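Colleague: Before accepting the labels attached to a model, I should like to see each one set against its criterion. May we go through them in turn?

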Amino acid sequence: MDIPNIEDRPKGPEVPAAPVLHPSPMILDGHFVTVVTLALSHAGDLFEAIGGSEKAALWDYVPIGPYPVFQPFYDHIARNALSSDPCFFTVLDKTTGKAVGHVSLMSIDPANRSIEIGHVIFSPTLQRT
């Protein structure tokens, strides 16, 4: 089987070379959740959803946490609400309005149009939906 040269393979439109903007505060409205910029006001709901020793396993693959008690978790939220890289967001349940998880955009490199998704922690009520 012959593999065509890269020059012969179809290509999509050229991507502009100009740097892009750094992520900014936003609201992403979906069918079941709304994603908003992380705020200190989310700390209570988030701790209920993803904090405490009984939910420690949610943090197994995240380089921070777990947070068995509220104050260190609150400090984590306070720090990350001000962070620009990683840039944190809260996942809000549209039915209850409560925070049920968080996620970040990280390793942000606007010049190379590169970004990673990290710190993904979904509460048990959000998992498998």
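Modeller: Let us begin with K94 and D29, whose side chains meet in a salt bridge at 2.9 Å, N to O. This is a predicted model, in which local features need pLDDT of at least 70 and side-chain atom pairs count only at pLDDT 80 or more, while totals for chains, interfaces and linings use all residues. Residues are numbered from 1 along each chain as its sequence is written, and side-chain values use heavy atoms, with hydrogens and water left out.

Colleague: What makes the contact of K94 and D29 a salt bridge?

Modeller: The term requires a side-chain nitrogen of Lys or Arg within 4 Å of a carboxyl oxygen of Asp or Glu. K94 and D29 have an N to O distance of 2.9 Å, so the pair satisfies that rule. By this rule the count comes to 4 salt bridges.

Colleague: Why is D29 called exposed, and K94 partly exposed?

Modeller: Buried means under 20% relative accessible area, exposed over 50%, and partly exposed in between, with a 1.4 Å probe and protein chains only. D29 has 58% and is therefore exposed; K94 has 38% and is therefore partly exposed.

Colleague: Which other salt bridge involves a lysine and D45?

Modeller: D45 pairs with K98, the closest N and O atoms being 4.0 Å apart. D45 lies in helix α1 and K98 in the loop between β3 and β4, so this pair ties together parts 53 residues apart in sequence. Helices (H or I, at least four residues) and strands (E, at least two) are DSSP runs, numbered from the N terminus. Both partners are partly exposed, because D45 has a relative accessible area of 26% and K98 one of 35%. D45, E48 and K98 are linked in a network of salt bridges.

Colleague: How do you know whether K55, the partner of E54, is buried or exposed?

Modeller: K55 has 18% relative accessibility, so K55 counts as buried. E54, at 62%, is exposed. Their salt bridge has its closest N and O atoms 3.8 Å apart.

Colleague: What makes S104 a buried residue, and which side chain does it meet in a polar contact?

Modeller: S104 is buried because its relative accessible area is 1%. Its side chain makes a polar contact with that of H119 at 2.7 Å. A polar contact is a pair of N or O atoms within 3.5 Å; within protein, one must be able to donate a hydrogen and the other to accept it, and residues adjacent in sequence count only if both atoms are side-chain atoms. S104 is found in strand β4, residues 99-109.

Colleague: Why are β1 and β2 called paired strands?

Modeller: Two strands pair if DSSP finds at least two bridges between them. β1 (residues 27-29) and β2 (residues 33-37) have 3 bridges, in the antiparallel sense, so the rule is met. These strands form a hairpin with 3 residues between them.

Colleague: What is meant by the largest nonpolar core, and which residues touch the most other members?

Modeller: A nonpolar core is a set of buried Ala, Val, Leu, Ile, Met, Phe, Trp, Tyr and Cys residues joined through side-chain atoms within 4.5 Å. Here the largest has 16 residues, of which L38, L46, I50, W59, F73, I77 and I121 touch the most other members. Helix α1 gives the most to this core, with 5 residues.
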